[in-house]
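Here are my notes on the model you sent over. I've kept them to the ligand site and one of the sheets, so have the structure open as you read.

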Amino acid sequence: MASFTLQGIPVSRGITIGRAHLLRPAAMDVKHYLVAQEQVEAEVERLQRAIDTVQLDLQSIWSELPTDAPTELGAFLDVHALILSDPMVSEAPLDIIRTRHYNAEWALVTQVDVLSAQFDEIEDEYLRERKADIQQVAERVLKVLTGSADQLPRAVGVDEQNANMIVVAKDISPADMMQFRDVAFTGFVTDEGGTNSHTAIVSRSLGIPAVVGLGNASHLIRQDDWLIIDSDAGVVIVAPSPLLIEQYRQQQAVLLKARKKLGKLKKTPAISLDGIEVTLLANIELPEDAHAALEAGASGVGLFRSEFLFMGRTGVEQHLPSEEEQFLAYKQAVQTMKGRPVTIRTLDVGADKPLEHGEHNILNPALGLRAIRYCLKEPQIFLTQLRAILRASAFGTVHILIPMIAHAFEIDQSLAMIEQAKESLRIERIAFDENVQVGAMIEIPAAALSLPMFVKKLDFLSVGTNDLIQYTLAIDRADHEVAHLYNDTHPAILQLLSMTVSAAEKAAIPVAICGGMAGDIKLTRLLIGMGFRELSMPAALLPEIKQEILNTNIAALEPAVKKILRTYDPQVIQELLTEVRELRLLH
Ligand SMILES: C=C(OP(=O)(O)O)C(=O)O
């Protein structure tokens, strides 16, 4: 097969080389997960039972055919029965479960995809079209399998076999992405998605190379194709030559060495050349991510996206996490951080992070009942979470962060709910930190434009640039069709950031940035030049941002930054930004 290159949107760093594993071949959209070793035989049996059921179904349909039924119908059923008894369909997927530990549905579609690719190469048109028959048979089996989906084992585990797997998919939901966390996948490639879609965010926090928004990669790439992902360039090379693979391996080694070198800065505080300290924090999605935060030298957790505890729950975990389950998760993160602050954002569900629980179709989900709006409508869910967060505050330093604030009454009601949660804990004599700090996410333009309205009621602010850009520029951050309009240095964004930093300064409260801009080295000097002194980002990006701060004289940046803030010409902004970035070692 000839090599070709696909250009998409880069969402994380690094290079990886591996084989393609298609998640959603053709029309067959199934759940993908790995089963634990001890579940493998049960999973094999589950697929075998489904195949047997379909075989029996086909026989019974055949035997009940009316005598005057067209002969083609009987022939059609024969073909399907024959396909199903062919070892390439009935046995190969069982082997895939045994060797790769795929769940039954995934094993089946993987094999069907391999067979489909082989059929595509057949010259004879009639035979080539038998591909559709195979897919129809597989779909029958899948229907039987998904009928028992609730009893599926959901275990995942590290598997040597997956060490060089690159997941290729139309899209991966953040919930599905979470299922890949403990698995040794080496990269992600998707047709859809934007720079700061939640899928992109999770891949960044896993430190895994990924390219999204490739359009139709999942149709062009075939199961088991060799791929190179150069995520800095947003490029995916399909079927590269051995020589190219070798060149990329060398580049990979160089990057790895550089990363190791940066690791030595772990204990060095991020102090600029002119002596200004910038606090670098980590964003986490699950409590266990706190280890990576600590490992990267973070001074705390600037954003714990607690909604990931609520999403993608299946089987016995299907209900929302209880107060106890949440408490244990928050406490785990707090204890791991050993006294460093942990900012827990309250449930920020909705839009591309749906709660499968009770979700219904909404025309504009990003503008709908999400985040704090949802919590205030569901006070019991909110109170349960607040009690869990407060209980965790007895084990370290916890800050509560309220997302999607646009109205003063949302802050008032949130503060009242926090007080109610505190009071209930006092009555039950359960320990918590009475002085737990409460802050708000600034991610809706209305909030940034009217900060004096509620800033006095808050202990801190945190700017969610991903949503701020989405809402200011009116573009869906997860839609690759408008990804070219996602511009973090649009004058409107820079004005809103500048207003926020000034309002916080005036109110004498700290302000952090926890959106994607905080981890973008191209913007570090601009942000610290504007006055931001706290940046929260995926742990993997922290060392290089620290290095940039160590090499910067903030006072020397101020004139150029002021100039950037005064201009409305995007071209000039870019030129000035390059100038700021290229100012080397500003002593
Ligand atoms: C940090 C942010 O929140 P999230 O990406 O989780 O929506 C943001 O919007 O910038």
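How do the residues of the shell around the ligand divide into nonpolar, polar and charged?

1. Keep in mind that this is a predicted model. On the question above, the shell around the ligand splits into 7 charged, 5 polar and 4 nonpolar residues.

2. Who is in that shell? The ligand has 16 residues around it, and the closest of them are R305, R345, G464, N466 and R477. If you want a quick view of the site, start by displaying those five side by side with the ligand.

3. Now the contacts. Two arginine side chains reach oxygen atoms of the ligand: for R305, an N or O atom of the side chain lies 2.6 Å from a ligand oxygen, and for R477 the corresponding distance is 2.7 Å. The backbone joins in as well, with a polar backbone atom of T465 at 3.0 Å from an oxygen of the ligand. As for cover, the ligand has 280 Å² of accessible area on its own, and the protein covers 100% of that.

4. Where does the ligand sit? Its place is in the largest cavity.

5. Looking at secondary structure, three elements each give at least two residues to the shell: helix 9 (198-205), strand 10 (301-305) and helix 18 (465-473). Helix 18 supplies the largest share, with 3 residues.

6. Away from the ligand, have a look at the open sheet of 8 strands. Its order is 1-8-7-3-4-5-6-2, and the pairing is mixed. Strand 1 (4-7) and strand 2 (9-10) are at the edges; each has a single partner strand, so one side of each lacks a neighbour in the sheet.

7. For a close-up of one pair, try strand 7 (residues 226-230) and strand 8 (residues 235-238). They run antiparallel and pair over 4 bridges. Within this pair, L227 has V238 of strand 8 as its bridge partner. As background, strands of a sheet pair through backbone hydrogen bonds, in either a parallel or an antiparallel way.

Methods: Residues are numbered from 1 along each chain as its sequence is written. This is a predicted model: local features need pLDDT of at least 70, side-chain atom pairs count only at pLDDT 80 or more; totals for chains, interfaces and linings use all residues. Side-chain values use heavy atoms; hydrogens and water are left out. A residue is near a molecule or strand if one of its heavy atoms lies within 4 Å of it. A polar contact is a pair of N or O atoms within 3.5 Å; within protein, one must be able to donate a hydrogen and the other to accept it, and residues adjacent in sequence count only if both atoms are side-chain atoms. Accessible areas come from the Shrake-Rupley method with a 1.4 Å probe; for residues, only the protein chains shown count as cover. On a 1 Å grid over the protein atoms alone, a cavity is a set of points where a 1.4 Å probe fits but cannot get out, and a pocket is an open set with protein on both sides within 12 Å along at least five of seven lines; lining residues have an atom within 4 Å of a point. A molecule sits in a cavity or pocket if more than half of its atoms lie within 2 Å of its grid points. Ala, Val, Leu, Ile, Met, Phe, Trp, Tyr, Cys and Pro count as nonpolar, Asp, Glu, Lys and Arg as charged, and the others, Gly among them, as polar. Two strands pair if DSSP finds at least two bridges between them.
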